[in-house]
Amino acid sequence: MDIAIIGAGNVGRALATSFARAGHSVIIASRDPEDAGAVASATRARVATSNAEAAAAAGVVVLAIPFAGAETVAAEIREGVAGKVVVDVTNRMGFGATGPTIDAGESNAERLAAWLPEAHVVKAFNTLFASHQADPIADGVQLDGFVAADDAGAKATILELVRSMGLNPVDVGPLGRAQQLEQLAFLNIALNITGNGAWQSGWKLVAAPPLPAAA
Ligand SMILES: NC(=O)c1ccc[n+]([C@@H]2O[C@H](COP(=O)([O-])OP(=O)(O)OC[C@H]3O[C@@H](n4cnc5c(N)ncnc54)[C@H](OP(=O)(O)O)[C@@H]3O)[C@@H](O)[C@H]2O)c1
């Protein structure tokens, strides 16, 4: 697959590593071209000079940035992603008096889909820490890669991408399920924050029903 990654932080680097290992072609963009260049040279990816250039060059576009920047980036890539697959990896949380919090509002993925009405938005990879986006095994167990999307073709593409990286693909239903995937990621994040964890824990659904799951 031809994949563009926007964002060259922990997630951009981890996914570029896994995608390249699986034989996919990666182009990466970030605000700081030096960051994108460093990830590219470590992963044999190409560097784009802008988010729009990266998005136009690939059939699958992965948003690996903080969600606070997503509306701006969506405007930059909107034209280039019409009819394409856009993967939302973002998570969200706040901090309250008793520790990490998450609201029950609309998911990041559904908000992104509203900003990119001509793209096929897919939620994936957000439940995996960057450590396990790069390495699908935790404690000797193959972790799950949960995928939520409305478009059947886009979902099939990302389920195959997940499988190619060595993760166990799990179809969790329509994009509305992104709400639960963001909550699932939050729980793991909150446990590591409150327990001073090593950020190595990951999700595995045992004896999951076969694909495709009922919505
Ligand atoms: N870290 C994890 O384990 C993990 C796991 C699952 C999901 N996520 C989610 O994945 C996303 C990225 O997390 P991360 O840990 O990789 O964050 P990070 O290390 O802070 O990296 C974010 C990257 O996005 C870039 N960026 C920010 N705004 C941008 C824009 N407008 N255009 C292009 N690039 C932009 C940043 O560039 P600058 O350096 O210039 O700001 C940086 O390269 C977040 O939404 C997070 O919730 C993280």
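**Exercise 1.** Which helices each supply at least two residues of the shell around the ligand?

*Solution.* Before we start: this is a predicted model, where local features need pLDDT of at least 70, side-chain atom pairs count only at pLDDT 80 or more, and totals for chains, interfaces and linings use all residues. Residues are numbered from 1 along each chain as its sequence is written, and side-chain values use heavy atoms, with hydrogens and water left out.

Step 1: collect the shell, meaning residues with a heavy atom within 4 Å of the ligand. That gives 23 residues, with V11, R31, N51, I65 and A130 the closest.

Step 2: look for helices (DSSP runs of H or I, at least four residues, numbered from the N terminus). Helix 1 (10-21) and helix 6 (130-134) are the ones you want.

**Exercise 2.** Find polar contacts to the ligand, that is, pairs of N or O atoms within 3.5 Å.

*Solution.* Step 1: start with the ligand's oxygen atoms. A backbone N or O atom of N10 sits 3.1 Å from one, and a backbone N or O atom of N91 is 3.0 Å from a ligand oxygen.

Step 2: now try nitrogen. The side chain of N51 places an N or O atom 3.0 Å from a ligand nitrogen.

Step 3: check the cover. On its own the ligand exposes 890 Å², and the protein buries 75% of that (Shrake-Rupley method, 1.4 Å probe).

**Exercise 3.** Sort the shell around the ligand by residue class.

*Solution.* Step 1: count Ala, Val, Leu, Ile, Met, Phe, Trp, Tyr, Cys and Pro as nonpolar, Asp, Glu, Lys and Arg as charged, and the others, Gly among them, as polar.

Step 2: tally up. You get twelve nonpolar, nine polar and two charged residues.

Terms used
Polar contact = N/O pair within 3.5 Å; in protein donor to acceptor, adjacent residues only side chain to side chain.
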